[in-house]
Structures are given as structure tokens and as C-alpha cells.
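Welcome! Please take a moment with the sequence and the 3D view below, and then follow the tour.

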Amino acid sequence: MCNEFTEADLDRAGLPVGRRGFAALAGVGMLAAALPARAMAGKPVKGRDVTITTASGVADAYFVAPAAGKHPGVLIWPDIRGLRPAFRQMADRLAGDGYAVLCVNPFYRSAKAPVVQPGDDFSDPAIRARLGGYAQQLTGARVASDARAHIAFLDAQAEVDTARKLGVTGYCMGGPMTIYTASEVPARIGAAASFHGGGVATEHGDSPHLLIPVTEAGYLFAIAENDDAKTPEEKTRLKAVLEPRKQWHEVEVYQGAMHGWCPPDSRAYNEAAAEKAWGRMLELFKAELG
């Protein structure tokens with residue numbers, strides 16, 4: 001997960017603070033301009049802000065889908081910086097690819113989205129401490145409970161084709177959440193994709209990856225090079241649990257890509273690697289969601 005160590009890696013790599021940070025890319029229009037042209041192609045979409053009643057309260061979220069028809073649903077768990085313009089833009093793009101997408105504020109117990117503001121920077125220890133405090137409240141049990149509410153919301157939307165399975169994606173701290181989601185509602189989740197996910201396969205007995213055998217999903221684990229350098233055994237644990245399964249699966253270390261390389265407002269954003277990861281996600285969805 002994003003922390004002072006990943007920030008130090010970015011410092012050593014010579015990536016300047018704020019290069020594509022909260023202040024630099026605060027608006028949706030600026031984010032759209034920053035994305036590659038191919039990212040803006042696709043079906044016309046319609047999005048709206050929504051609220052979802054959970055066992056813990058009311059979560060705020062963003063729902064977007066193609067302007068016509070029914071489509072497979074996808075739940076997005078954002079990274080530690082939460083639901084913000086960058087993830088709205090990513091949700092819009094995925095909707096343009098033919099999916100009904102719900103991107104949630106995982107920190108709704110603490111604050112409404114966006115939990116970062118223009119001028120905030122993750123290199124600031126105070127910002128990291130605040131977001132880390134929010135993240136510490138998200139136990140596996142709470143994530144699973146929230147996931148059930150979010151999936152129920154998706155299935156209630158007219159734009160979602162409930163005859164087809166759902167997908168789930170997660171970034172950074174959202175990586176483990178994809179597994180918790182797939183294990184909470186295994187009959188509904190057909191595909192789960194983790195991008196630079198933190199702590200998805202630890203040595204502990206409660207590691208998220210140990211839940212994979214009770215799920216029915218195909219999996220994509222896209223791992224940052226510097227994360228792999230710190231925990232190289234993670235990919236081995238993932239492969240060991242995935243390889244006996246019949247579902248589509250892929251575990252890959254993205255060489256040259258650092259933790260946080262996918263969101264377009266990230267200091268670590270790597271366009272080539274982000275586009276590759278996006279393409280592999282679509283291949284997973286094609287294989288497992290139809």
C-alpha cells in the first residue's frame with residue numbers, strides 16, 4: 001500500500017513531487033486531457049452521483065454506464081486517495097468499454113469524497129497519516145459487508161445485465177478488497193483485477209489470497225516492480241493458489257512500473273504500463289464476464 005517507503009522509491013527514481021499530483025490534475029477536464037487519446041474513445045456514457053445504504057451507514061459513490069442497453073456490472077475500489085476526479089474518469093472510460101460501473105468512496109465512515117483536495121500531496125506526512133487512519137478502519141469484515149451492499153446496488157440498476165456475472169477491480173489498498181468481494185458474493189463475481197495491490201498474499205494465516213479457492217472468479221494481479229522487490233514471494237503464493245483453477249488468471253510483475261502507476265493523477269503514472277494493464281483487465285472481463 002502507498003506509504004513513506006513507496007514515496008521514498010519515487011524520490012530515488014527522480015520523480016518530482018506533484019508531477020501529476022492532486023493539485024496538478026484536480027479537474028476532470030485536465031485529467032481527460034492528460035489521458036492518451038485512445039482512452040477517450042468508446043460508447044456514449046451517462047454518470048450520476050449515488051448513495052448506498054450499508055450496515056455502517058450511507059456510502060457515497062459514482063455510477064456510470066453506457067447511455068443505452070444493459071451491461072455487465074463492475075465495482076471499483078480506489079486506492080488510498082479514494083474516489084476523486086481521476087477515478088471518475090477511469091470509471092467513465094470503463095463504461096465506454098461497455099460496462100456499468102460503480103466507483104465507491106471506501107472511506108465514507110470517515111468523510112465524504114473527495115477525501116483529498118487540490119493542494120494536498122501524498123508526500124506530506126500529515127496527509128499520509130490522515131488517509132492511513134481512514135484505511136485502518138477497513139477491516140476485511142467491513143469491506144466484505146460493504147461489498148455486499150455495493151453488489152446489491154449494482155444488481156438493482158436498470159443498466160446492469162444481471163444475467164451476467166460482475167467484475168471487481170482494486171488499486172493499491174483496493175487490491176485485497178477485490179478478493180474480499182469475490183469471496184463474499186462468489187456466485188455473482190466472475191472477474192477480479194488487482195493493480196499494484198498491497199498485501200494481497202502475505203505469509204499470515206488471514207492473508208486475502210487464501211480466500212481465492214472459495215471464489216468463482218478469474219483473476220488478474222498486476223504487480224509493481226518495486227513492490228515485487230520488497231515482497232518477491234507474493235507472486236509465488238498467488239500463482240500457487242491460482243494455477244490449479246480453471247478460471248482465467250494472470251500474475252505479472254510490470255517491469256519499470258512503480259507502485260501507483262495506473263491512476264492518471266499518480267506521481268508514479270506510467271502511460272505504457274497503465275495501458276497494458278487496462279488491456280489485460282479487458283481480456284479478463286471478456287473471458288469471464290462474456
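## A cavity lined by two helices

In this predicted model, helix H3 (85-96) and helix H9 (271-289) each supply at least two residues to the lining of the second largest cavity. H9 gives the largest share of that lining, with four residues. The volume of this second largest cavity is about 120 Å³. Its lining has 12 residues, and those closest to the centre are Met90, Arg93, Cys262, Ala274 and Trp278.

What classes of residue line the second largest cavity? There are 10 nonpolar residues, two charged ones and no polar ones. If you look over the whole structure, you will find two cavities of 30 Å³ or more.

## The sheet

Now let us turn to the strands. Eight of them make up an open sheet with mixed pairing, and their order is E1-E2-E4-E3-E5-E6-E7-E8. Why do E1 and E8 each have one side without a neighbour in the sheet? Strand E1 (45-54) and strand E8 (249-254) stand at the edges and have a single partner strand each, so one side of each is left free of a neighbour in the sheet. From one strand to the next, the twist averages 15°.

It helps to recall how strands join up in general. Strands of a sheet pair through backbone hydrogen bonds, and the pairing is either parallel or antiparallel.

## Following E2 and its partners

Strand E2 (residues 57-66) is a good place to see this pairing in detail. A hairpin through two residues joins E1 to E2, and these strands pair in the antiparallel sense over 10 bridges. E2 also runs antiparallel to strand E4 (residues 100-104), to which four bridges join it.

Try finding Tyr62 in the 3D view. Tyr62 is the bridge partner in E2 of Asp49, and Tyr62 also has Cys103 as its bridge partner in E4.

## Helices across the sheet

The two helices that we met at the cavity also lie across strands. H3 lies across E1, E2, strand E3 (73-77), E4 and strand E5 (166-171), and runs at about 40° to E2. H9 lies across E3, E5, strand E6 (189-195), strand E7 (218-224) and E8, and runs at about 170° to E6.

## Where H5 meets H6

Two packed helices are described by the angle between their axes and by the distance between those axes. For helix H5 (residues 140-155) and helix H6 (residues 174-184), the axes come within 9 Å and cross at roughly 65°. The crossing of H5 with H6 is right-handed.

Which residues meet in this contact? H5 brings Gly140, Val143, Ala144, Ala147, Arg148 and Ile151, while H6 brings Met177, Tyr180, Thr181 and Glu184. By class, the residues of the contact are six nonpolar, two polar and two charged.

## Two backbone details in loops

Finally, have a look at two spots in the loops. The peptide bond that leads from Ala113 to Pro114 is cis, and its omega is near 0°. Where is Pro114 found? Pro114 lies in the loop between E4 and helix H4 (125-136).

The other spot is Cys172, in the loop between E5 and H6. Cys172 has a phi near 55°, which is a positive value in a residue other than glycine.

Conventions:
Residues numbered from 1 in each chain as written. Predicted model: local features only at pLDDT ≥ 70, side-chain atom pairs only at ≥ 80, totals over all residues. Heavy atoms only, no water. 1 Å grid on protein atoms, 1.4 Å probe; cavity = no way out; pocket = protein on both sides within 12 Å on 5 of 7 lines; lining within 4 Å. Points joined across faces, edges and corners; volume = space filled by probe spheres on them. Nonpolar A, V, L, I, M, F, W, Y, C, P; charged D, E, K, R; others polar. Pairing = 2+ DSSP bridges. Axes fitted to C-alpha atoms, helices over the stretch in contact; angles between N-to-C directions. Contact = heavy atoms within 4.5 Å. Left-handed = near helix turned anticlockwise from the far one by under 90°.
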